[in-house]
Amino acid sequence: MKIGEFAERTALSKDTIRYYEKIELLQPDLQNKQRVYNEEDVVKIETIVKLKQNGFSLQEIQMLFDWSINMDKDKEMTKDEIEKLLLLREVFQTKYKEMLQKEEQIKQIKQVLLRADHKLEQLLEKNINKGAFK
């Protein structure tokens with residue numbers, strides 16, 4: 001699919017898609033000097049959007065993609081590769097802790113909303129039963 005269809009399918013602007021290409025998050029095929037996107041690109045964009053929505057920067061997303069593409073568990077790593085892996089692990093651990101905090105905040109907000117709904121329900125029942133709603 002061409003960029004217009006891809007933009008529509010992913011709900012992203014063409015400019016955003018081009019920017020992701022520029023920073024090498026996306027690498028579509030080129031056919032006759034035109035970008036051609038496939039289903040893997042759609043999945044990749046969906047992943048990028050979900051990660052961004054959950055607090056990952058584009059740089060962190062790029063690190064994750066680079067790691068997942070270049071991972072070879074049998075390869076002996078250089079000192080630089082080990083340092084990058086340690087940094088990536090630190091990023092993941094930090095993000096995991098942030099997710100746990102968000103999860104706890106969401107649980108607390110859900111409780112507040114449930115209590116408010118219960119109070120509203122009681123107030124409505126009281127007023128409806130008294131005939132205030134005719």
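Visitor: Helices here are DSSP runs of H or I with at least four residues, numbered from the N terminus. With that settled, where is Q59?

Guide: Q59 belongs to helix α4. Do keep in mind that this is a predicted model.

Visitor: Is Q59 buried or exposed?

Guide: Q59 has a relative accessible area of 61%. The cut-off for exposed is over 50%, so Q59 counts as exposed.

Visitor: And how far apart are Q59 and E104 in space?

Guide: Their C-alpha atoms are 26 Å apart, with the two positions 45 residues apart in sequence numbering.

Visitor: Let's go inside. Which residues touch the most other members of the largest nonpolar core?

Guide: Those are F6 and I17, in a core of 18 residues. Helices α1 (3–10), α2 (14–22), α3 (39–53) and α4 (58–70) each bring at least two residues to this core.

Visitor: Which helix gives the most?

Guide: That is α3, which contributes four residues to the core.

Visitor: Back to I17. What is it in contact with, leaving aside neighbours within four places in sequence?

Guide: The partners of I17 are I3, F6, A7, T10, L12, L26 and Y37.

Visitor: Some of those names are in α1. How do α1 and α2 pack?

Guide: Their axes lie 9 Å apart and make an angle of about 105°. Angles of 65 to 115 degrees count as roughly perpendicular, so α1 is roughly perpendicular to α2.

Visitor: Which residues make that contact?

Guide: From α1 there are I3, G4, F6, A7 and T10, and from α2 there are K14, I17 and R18. Sorted by class, the contact of α1 with α2 has four nonpolar, two polar and two charged residues.

Visitor: Now α1 and α3. At what angle do they cross?

Guide: Roughly 40°, and the two axes come within 11 Å. That angle lies outside the ranges for roughly parallel, antiparallel or perpendicular, which is why α1 is called oblique to α3. The crossing of α1 past α3 is right-handed.

Visitor: Who takes part on each side?

Guide: On the α1 side you'll find F6, R9 and T10; on the α3 side, E39, D41, V42 and I45. The contact of α1 with α3 divides into three nonpolar, one polar and three charged residues.

Visitor: New topic, backbone angles. What is the phi of E24?

Guide: It is about 70°, a positive value, although E24 is not a glycine. E24 sits in the loop between α2 and β1 (29–31).

Visitor: What about the phi of N32?

Guide: N32 has a positive phi too, near 55°, and this residue is also something other than glycine. You can find N32 in the loop between β1 and β2 (34–36).

Visitor: Is N32 buried or exposed?

Guide: N32 is exposed, given its relative accessible area of 77%.

Visitor: Last one. Where is H118?

Guide: H118 is in helix α5, which covers residues 79–129. Its relative accessible area is 43%. Buried needs under 20% and exposed over 50%, so H118 is partly exposed.

Visitor: How far is H118 from K79, C-alpha to C-alpha?

Guide: The separation is 59 Å, for residues 39 apart along the chain.

Technical notes
Residues numbered from 1 in each chain as written. Predicted model: local features only at pLDDT ≥ 70, side-chain atom pairs only at ≥ 80, totals over all residues. Heavy atoms only, no water. Core = buried A, V, L, I, M, F, W, Y, C linked by side-chain atoms within 4.5 Å. Buried < 20%, exposed > 50% of the residue type's maximum accessible area, 1.4 Å probe, protein only. Contact = heavy atoms within 4.5 Å. Axes fitted to C-alpha atoms, helices over the stretch in contact; angles between N-to-C directions. Parallel < 35°, antiparallel > 145°, perpendicular 65-115°, else oblique. Left-handed = near helix turned anticlockwise from the far one by under 90°. Nonpolar A, V, L, I, M, F, W, Y, C, P; charged D, E, K, R; others polar.
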